[in-house]
Amino acid sequence: MLHENSHPTDQELLLAADGELSARSARVVRTHLSACWHCRARMSELEAAIVDFVRVHHQALDAALPPIGRSRAQLSARLSDLAAKPEANSVRGFFHFTSARYPTAYVCFGLLSASLLLALLTGQALRSILSIHAPMAVATTVEDGVEPNRKLTPGATRPVSMHDVCAVAHEEVVVDVPSALREKILREYGIVEKRESDFEIDFLIAPRLGGTEDPQNLWPEPYASSIWNARVKDDLEERLHKMVCSGEVSLKTAQNDISADWIGAYKKYFNTDKPINLTTTVDVSGLDSYVSKLFAKMWPSESTIREKSSHDPRRPMCQVLIRNYHLVGRIT
Amino acid sequence: MESIDHISLPALAATASSPDRSEIECEVMRFFEEFRSPLLRYALSFGISVHDAEEVVQEVFLALFLHLRSDKSRKNLRGWLFRVAHNQALRKRTTLHQQVQTTSFDWMEAHIQADPSPNPEERLFADQRTQRLVAVLKALPETDQYCLRLRAEGLRYREIASVLGMSLGSVSISLTRSLGRLLRADRS
């Protein structure tokens with residue numbers, strides 16, 4: 001624990017210089033430095049070492065960097081090529097790779113997997129098309145994993161002052177969970193390695209609302225959640241941050257509400273029973289048949305999908321629709 | 001059933017909340033303008049050639065395009081860019097069998113430019129000091145070098161921890177240790 005009268009270590013001095021200390025600890029270090037020439041001299045030496053490193057780092061490397069023009073043009077062209085390719089490119093690449101190297105067994109496996117995938121996605125597409133007719137029913141449905149397991153993730157907070165909470169705008173706070181902690185959370189939730197990329201480790205109580213980077217405050221939130229997803233939760237966190245800082249809601253209430261049931265808290269603070277971004281009025285007359293027809297045209301084979309990508313000007317629009325309604329974006 | 005042709009596509013476009021591809025391409029190009037030089041410097045720090053480092057950077061932004069197109073998390077994209085660059089550069093170095101033989105500091109030693117000071121005595125002193133610093137940096141563990149470089153490119157401790165798969169405490173210890181060594185070298 002830092003005290004104004006004890007000399008901070010070099011590590012604490014560097015943390016303070018880099019703005020990585022809590023507001024309270026930073027204040028203690030500042031107060032100490034204003035009184036202690038010895039530590040000010042050490043701080044200056046550390047700063048001088050940083051200046052030296054940055055000078056050496058840039059001195060050789062900057063001179064070696066080629067002008068940006070050529071690589072900019074190259075990237076632009078490659079992006080255009082990539083954008084013109086169907087998003088299932090990677091799936092095709094897998095089949096191509098396996099068929100070239102392991103002709104029989106892997107192709108059989110690939111065909112079987114493709115059949116299962118198609119069956120699964122068809123079900124999703126149909127469910128989602130139905131959801132266009134009945135948005136209210138879908139919007140109130142809570143999918144697996146969008147709320148944490150209370151036993152594993154009850155929420156955890158640290159002591160913070162209102163100044164700590166409100167000194168920085170909510171959107172400026174970007175926190176990424178270290179990979180070791182991420183793995184621990186996934187293990188606790190029994191998520192096998194293969195599916196790790198399908199999850200984002202999210203804070204139940206956001207750091208800016210006093211939440212800690214603690215396994216009790218973290219859970220694997222599925223990317224695939226279509227309605228109550230991480231973005232909706234981000235909106236809630238931002239709303240609560242504003243309400244706490246304007247005095248409309250106490251910090252304790254905000255922490256309790258979000259940790260008890262964040263979806264319930266969203267409904268309470270946005271006064272809605274579905275996420276705001278889904279309530280935009282959309283004229284969906286004929287949309288289901290449009291999507292169905294496009295799917296009907298695209299399902300038969302991979303070659304048909306490939307063909308449509310190059311010839312059908314409506315295909316990009318279908319992809320927008322698919323993404324917008326969270327249908328089966330990754331198959332096209 | 002209504003024909004596809006009867007649907008107004010512009011009207012449908014207006015309903016879309018996700019950016020279309022051209023928007024994503026523009027977004028990727030904006031990121032490229034901002035992060036190309038820092039990422040290129042970082043890729044060069046793996047001791048690969050400028051050509052290979054440029055290729056790594058291209059791959060990073062192509063991966064970013066796919067990432068954004070798949071509607072994946074946009075949290076900490078700067079850390080994400082450096083993490084992909086780190087992995088790609090490591091892969092490139094391994095593929096090229098350049099591991100360990102060359103480090104960025106070997107490369108820098110060869111390319112570092114002489115101090116422009118007109119006073120020969122000052123120039124000699126500055127050059128000797130730079131050589132001494134480079135010698136210390138070369139002797140640092142590789143992870144410590146990465147930490148320093150990522151910090152020099154403006155990454156916060158959390159971002160560095162995420163790129164290198166370390167804890168926040170380890171990042172802090174690594175940076176303090178490295179700067180301590182630089183300080184001692186300067187005093188000697």
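**Exercise 1. Which residues is Leu218(A) in contact with, leaving aside its neighbours within four places in sequence, and is Leu218(A) buried or exposed?**

Solution. Begin with the contacts in this predicted model: Leu218(A), leaving aside neighbours within four places in sequence, is in contact with Thr153(A), Val177(A), Leu181(A), Ile185(A), Tyr189(A), Ile201(A), Asp202(A), Phe203(A) and Glu213(A). Next, place the residue in its element, where Leu218(A) is found to lie in strand β2 of chain A, which covers residues 218-222. Then turn to accessibility: buried means under 20% relative accessible area, and Leu218(A), at 0%, therefore counts as buried. Finally, compare sequence with space, since Leu218(A) and Gly155(A) are 63 residues apart along the chain, while their C-alpha atoms are separated by 7.5 Å.

**Exercise 2. Is Ala35(A) buried or exposed, and how many helices and strands does chain A have?**

Solution. First locate the residue, which is in helix α2 of chain A, a helix of residues 23-35. Exposed means over 50% relative accessible area, so Ala35(A), with a relative accessibility of 67%, counts as exposed. In space, the C-alpha atom of Ala35(A) is 9.1 Å from that of Asn5(A), and the two residues are 30 apart in sequence. Now widen the view to the whole chain: chain A has 15 helices and two strands, and 41% of its 332 residues count as buried. Among the contacts in chain A between residues at least 6 apart in sequence, 71% join residues at least 24 apart.

**Exercise 3. How many helices and strands does chain B come to, and what share of its residues is buried?**

Solution. Count the elements to begin with, which gives nine helices and zero strands for chain B. Then take the burial, where buried residues make up 50% of the 188 residues of chain B. As a last step, consider the contacts in chain B with a separation of 6 or more, of which 67% are accounted for by residues 24 or more positions apart.

**Exercise 4. How are the rings of Phe31(B) and Phe35(B) arranged, and which helices hold Phe32(B) and Phe61(B)?**

Solution. A pair of aromatic rings is described by the distance of the centres and the angle of the planes. Over all chains, the structure holds seven aromatic pairs. In one of them, the ring centres of Phe31(B) and Phe35(B) are 6.2 Å apart and the planes stand at 20 degrees, so this pair is stacked. Both residues lie in helix α2 of chain B, residues 21-44, and they are four residues apart, about one turn of the helix. Phe31(B) and Phe35(B) are both buried.

Now take the rings of Phe32(B) and Phe61(B), whose centres are 5.2 Å apart and whose planes are at 80 degrees, so that this pair is edge-to-face. Phe32(B) lies in helix α2 of chain B and Phe61(B) in helix α3 of chain B, residues 50-69, so the pair ties together parts that are 29 residues apart in sequence. Phe32(B) is buried, with a relative accessible area of 0%, and Phe61(B) likewise counts as buried at 0%.

**Exercise 5. At what angle do helix α3 of chain A and helix α6 of chain B pack, and which residues meet?**

Solution. Two packed helices are described by the angle between their axes and the distance between the axes. Helix α3 of chain A (residues 37-64) packs against helix α6 of chain B (residues 120-139) at an angle of about 90 degrees, and their axes are 11 Å apart. Angles from 65 to 115 degrees count as roughly perpendicular, which is therefore the description of α3(A) relative to α6(B). From α3(A), the residues Asp52(A), Phe53(A), Arg55(A), Val56(A) and Gln59(A) meet Arg129(B), Thr130(B), Leu133(B), Val134(B) and Leu137(B) of α6(B). Sorted by kind, the residues of this contact are five nonpolar, two polar and three charged.

**Exercise 6. What does Glu25(B) touch, not counting residues up to four places away in sequence?**

Solution. Start from the position of Glu25(B), which is found in helix α2 of chain B. Its relative accessible area is 18%, so Glu25(B) is buried. Not counting residues up to four places away in sequence, Glu25(B) touches Leu79(A), Ser80(A), Ala83(A) and Phe65(B).

Note on methods. Residues numbered from 1 in each chain as written. Chains lettered and ligands numbered in written order. Predicted model: local features only at pLDDT ≥ 70, side-chain atom pairs only at ≥ 80, totals over all residues. Heavy atoms only, no water. Phe/Tyr/Trp six-rings, centres within 6.5 Å; stacked < 30°, edge-to-face > 60°. Buried < 20%, exposed > 50% of the residue type's maximum accessible area, 1.4 Å probe, protein only. Axes fitted to C-alpha atoms, helices over the stretch in contact; angles between N-to-C directions. Parallel < 35°, antiparallel > 145°, perpendicular 65-115°, else oblique. Contact = heavy atoms within 4.5 Å. Nonpolar A, V, L, I, M, F, W, Y, C, P; charged D, E, K, R; others polar.
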